[in-house]
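These are my notes from a session with the structure open beside the sequence. I went from helix packing to a single side chain, writing down each item as I looked it up.

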Amino acid sequence: MNRWFKKLLDRGSRSRLLVVACVLGLIGLALMSWSLFDQGWIPVMMAMSIGQVIGTLSFGLFLLVVIIDLRRATFRPSMPAQASRKEDR
Amino acid sequence: MHVSPLAWIALTCAVVAAVIMLLYLVYRPPLDGKTKGFLALGLGVLPIMTALIGNVEGLRATEHQAFCGSCHTMDFHIADANDPDSMGLAAIHSRTKMFGDRSCYVCHKDYGMYGYTLTKLGGMGHVYYFLTDYAWEDAHESLPRVHIARPFRNDNCMQCHSTSGRIWNGVPDHQGLLEDLRAGQTSCASAGCHGYAHPFSKPPEDETEPAEARLDPGVKAPEGT
């Protein structure tokens, strides 16, 4: 995996990522909403191209935050080995 | 301006999502489960709803005359199609209740701007021509330069006119040319037959040319279409 990406996963600031995600999300939504009211070629094309790319980026950043979060949590991916009971020892 | 109920739903989703994002930006709450839940709505579910509905609405919008009319290059075609006195095929077909306001779409379904190609290169072709060229001249100047890219296909007409009806087949010209017409060898929309769909854009001398003249693809397809 890309070094930079690994660093981001390990130490990235979730709240900073979310700020970027929200700003992108607002821009994307604005573009998409514009086309709901004005269906000329410019708004429609902007919504279906740039609007969606920006919106997808924003959602992608949110997913990234979820992944960072999950990596920091403690999980037991599979059944623990038979828990040792006192009397077995 | 027509806003469908679906569009209102999309807009509601967008507004709620925007409020969630703004609240996050202003208050920057700690990232606990509740915050993450709201953000999943505001950054995920709701914007995705808006985008999905926006696509449906966007694709539907391209079927309307008004969409084609958002470029002035198309002005004359639209004006003629909606002129109650015009007897061109486009005008006749723009008067039905069923598809009148989508008439450009029903005949020009194969036009590059329809479908998802809108955002791809095929549909961008005319946007490119428009932005690099046609946007700087008025519709009068453009008119003689705009030509159909490929010879118009009879298949487009046959979506509705099946060529199997009794009255249709009773027409001697149809009978004689049946195979040719179905195969697209002779164009329905040509001088000598049903005339041009947009007669105003054709030089008058064309009126006397035989039907086959239209099929000689003398018009060069512009690049990218």
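How close do the axes of helix 2 of chain A and helix 3 of chain A come, and at roughly what angle do they cross? I looked this up in what is a predicted model, and found that the two axes come within 7 Å and cross at roughly 155 degrees. Because angles over 145 degrees count as roughly antiparallel, I entered helix 2 of chain A and helix 3 of chain A as roughly antiparallel to each other. I then noted the hand of the crossing, which is left-handed, and sorted the residues of this contact by class into 22 nonpolar, 7 polar and 3 charged.

Next I turned to confidence in chain A. The mean pLDDT of chain A is 88, with 91% of its residues at 70 or more. Confidence in this chain is highest in helix 2 (residues 14–37), at a mean of 95, and lowest in helix 1 (residues 3–11), at 87.

I moved on to a pair of helices from the two chains. The axes of helix 3 (residues 41–72) of chain A and helix 2 (residues 33–61) of chain B come within 10 Å and cross at roughly 160 degrees, and these two helices are therefore roughly antiparallel to each other. I recorded their crossing as left-handed. On the side of chain A, the residues that meet helix 2 of chain B include M48(A), F59(A) and F62(A), while those from helix 2 of chain B include L39(B), L43(B), I48(B) and L59(B). By class, I have the residues of this contact down as 11 nonpolar, 5 polar and 2 charged.

For chain B as a whole, I found 11 helices and 0 strands. Buried residues make up 38% of the 225 residues in chain B. Taking contacts in chain B between residues at least 6 apart in sequence, I noted that 58% join residues at least 24 apart.

Last, I picked out one side chain. W168(B) lies in helix 10 (residues 166–170) of chain B. Is W168(B) buried or exposed? Its relative accessible area is 19%, and since buried means under 20%, I entered W168(B) as buried, keeping in mind that the value falls just under the cut-off. Leaving aside residues up to four places away in sequence, W168(B) touches T163(B), H174(B), L178(B) and L181(B). As a final entry, I noted that W168(B) and P5(B) are 163 residues apart in sequence and 41 Å apart in space, C-alpha to C-alpha.

Conventions
Residues are numbered from 1 along each chain as its sequence is written. Chains are lettered from A and ligands numbered from 1 in the order in which they are written. This is a predicted model: local features need pLDDT of at least 70, side-chain atom pairs count only at pLDDT 80 or more; totals for chains, interfaces and linings use all residues. Side-chain values use heavy atoms; hydrogens and water are left out. Helices (H or I, at least four residues) and strands (E, at least two) are DSSP runs, numbered from the N terminus. Buried means under 20% relative accessible area, exposed over 50%, partly exposed in between (1.4 Å probe, protein chains only). Contact means heavy atoms within 4.5 Å. Axes are lines fitted to C-alpha atoms, for helices over the stretch in contact, and angles run from 0 to 180 degrees between N-to-C directions. Angles under 35 degrees count as roughly parallel, over 145 as roughly antiparallel, 65 to 115 as roughly perpendicular and the rest as oblique. A crossing is left-handed if the near helix is turned anticlockwise from the far one by less than a right angle, and right-handed if clockwise. Ala, Val, Leu, Ile, Met, Phe, Trp, Tyr, Cys and Pro count as nonpolar, Asp, Glu, Lys and Arg as charged, and the others, Gly among them, as polar. pLDDT is the predictor's confidence in each residue, from 0 to 100.
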